[in-house]
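Q: Hi! Could you walk me through this one while I have it open?
A: Sure, happy to. Ask away.

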Amino acid sequence: MLDFSSLLLAAALSGICLSVTMFAIWFTAPKAGFVLTVACGILVLVAHVILFWRYTKDPDPLLCQIVLALLTLGFLILCVSAMQYLGVHGYRRAVAPALAAMAICAAVTLLGLDGVGFIITYTTVTALLSAIGAMFWINGSHDRRILLVVSFLSGTCAVSFALCGMVLLTKGQWTLATAPDNWAERLNSVVAVACMTGLGALTLSLHHLQAQIELKAETMTDPLTGLMNRRALTSLYGERSFGPFMSVVMFDLDHFKRTNDVYGHPVGDQVLCRFAAVIKKYARTGVDAFRLGGEEFAVVMSRMTEEKAHDLASKICVAFGTEIVATQLGKLRSTVSGGIGFGEASGRTLDDVLAEADAALYAAKRAGRNCVIGRTALDKADPVKPALRSA
């Protein structure tokens, strides 16, 4: 059976291998900042393990303070990496309490109460690991299986550190003058090696998962406007049945070819981005916007009556009419036409709703542009136009 020193060296070797792997991944994908943070955190923990092994051979008060500080710092960095990956803001909420605990630990250890210092450090590490597990449990929105395993490993490691602190606390070991060596410490060494190895492997999986998500986002996003593209529309709504409270608005910028010919394509791109910005202002839950290509856009509205859908589309049309783009030839104001296709109680396909919206859009063009036509107006061939007309 391995002795305590062998367990510590095994933990150090495992950590070194993991950190090297993480650094290699980061060099190939610099955008994955959380991987670099994980690598740094593991490297700090490796330094802790090596110095702790040295402390077991030659106890020294200053070395004790360094060992405890590195343990807290290493898991603090891992906590920050979890916040980076999950997009949790407010690092100060984790950093400030951890630094305060490190300062208190250093103070009591300096006074000779190294046992109290170990208890404070183990408590802090338990809290950091518990926070990591809770964040992945609550904030994870990707592959739940991977995130739940991360939560489990973090929780298991937190329990092992909590046991180490409880043993010292229950025995009243306020002053040690040497490294603690008990069943909890040995168990912690085994659990830490297993959990760090598992978390390292899961970090690779999370990196791969994040890369897939970013690639999918790129293929689903229009690079010019930042809106979703036609592929995203088909992916999200291609198999949906459009009920009576769902609709699609097709927008087409008026005389856009002339804008490009007269003012140039860079100005045309500005106009497209301005219209996308207007749509984003009216975005909310149940409203998804897409650029289908060229000057064509689509907005899918859910949980909205026909009247409210028409009202929102008209507001977008009016708002865009107020946008002015400065050009070398003077101020440019553009307009947009829209047509709305609606779902039905029996359900309609995306293609059917788009076809109706497209027919309404062409009716809006024939009616003089700068207007939105819905089902009623299309049937009566009497478009409802917004109050503002293009100059």
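Q: Where does Trp-174 lie?
A: In this predicted model, Trp-174 is in the loop between α6 (144–170) and α7 (183–219).

Q: And how exposed is Trp-174?
A: Trp-174 is partly exposed, because its relative accessible area is 39%, and partly exposed covers what falls between the 20% and 50% limits.

Q: Which residues make the nonpolar surface patch?
A: Leu-111, Leu-113, Leu-169 and Trp-174 make it, and the patch comes to about 410 Å².

Q: Switching to α3, how many residues does that helix have?
A: Helix α3 runs over residues 61–86, which is 26 residues. From first C-alpha to last it reaches 38 Å, close to the 38 Å expected at 1.5 Å a residue.

Q: Is α3 mostly covered or mostly open?
A: Mostly covered: 19 of the 26 residues in α3 are buried.

Q: What goes on at the start of α3?
A: There, Asp-60 brings a side-chain oxygen to within 3.1 Å of the backbone nitrogen of Leu-62.

Q: And what about just after α3?
A: Gly-87 sits there with a positive phi of about 75 degrees.

Q: Zooming out, how many helices and strands are in the protein chain?
A: The chain has 13 helices and eight strands. Of its 391 residues, 49% count as buried.

Q: What about contacts between residues far along the sequence?
A: Taking contacts between residues at least 6 apart in sequence, 70% join residues at least 24 apart.

Q: Last one: how much surface does the protein chain expose?
A: About 18900 Å², with carbon and sulfur atoms supplying 63% of it.

Conventions. Residues numbered from 1 in each chain as written. Predicted model: local features only at pLDDT ≥ 70, side-chain atom pairs only at ≥ 80, totals over all residues. Heavy atoms only, no water. Patch = residues over 30% accessible without salt bridge, like charges linked within 9 Å, V, L, I, M, F, W, Y side chains within 5 Å. Areas by Shrake-Rupley, 256 points an atom, 1.4 Å probe, with all protein chains shown as cover. Salt bridge = Lys/Arg side-chain N within 4 Å of Asp/Glu carboxyl O. Helix = DSSP H or I, 4+ residues; strand = E, 2+ residues; numbered from the N terminus. Buried < 20%, exposed > 50% of the residue type's maximum accessible area, 1.4 Å probe, protein only. Contact = heavy atoms within 4.5 Å. Expected span 1.5 Å × (residues − 1). Polar contact = N/O pair within 3.5 Å; in protein donor to acceptor, adjacent residues only side chain to side chain.
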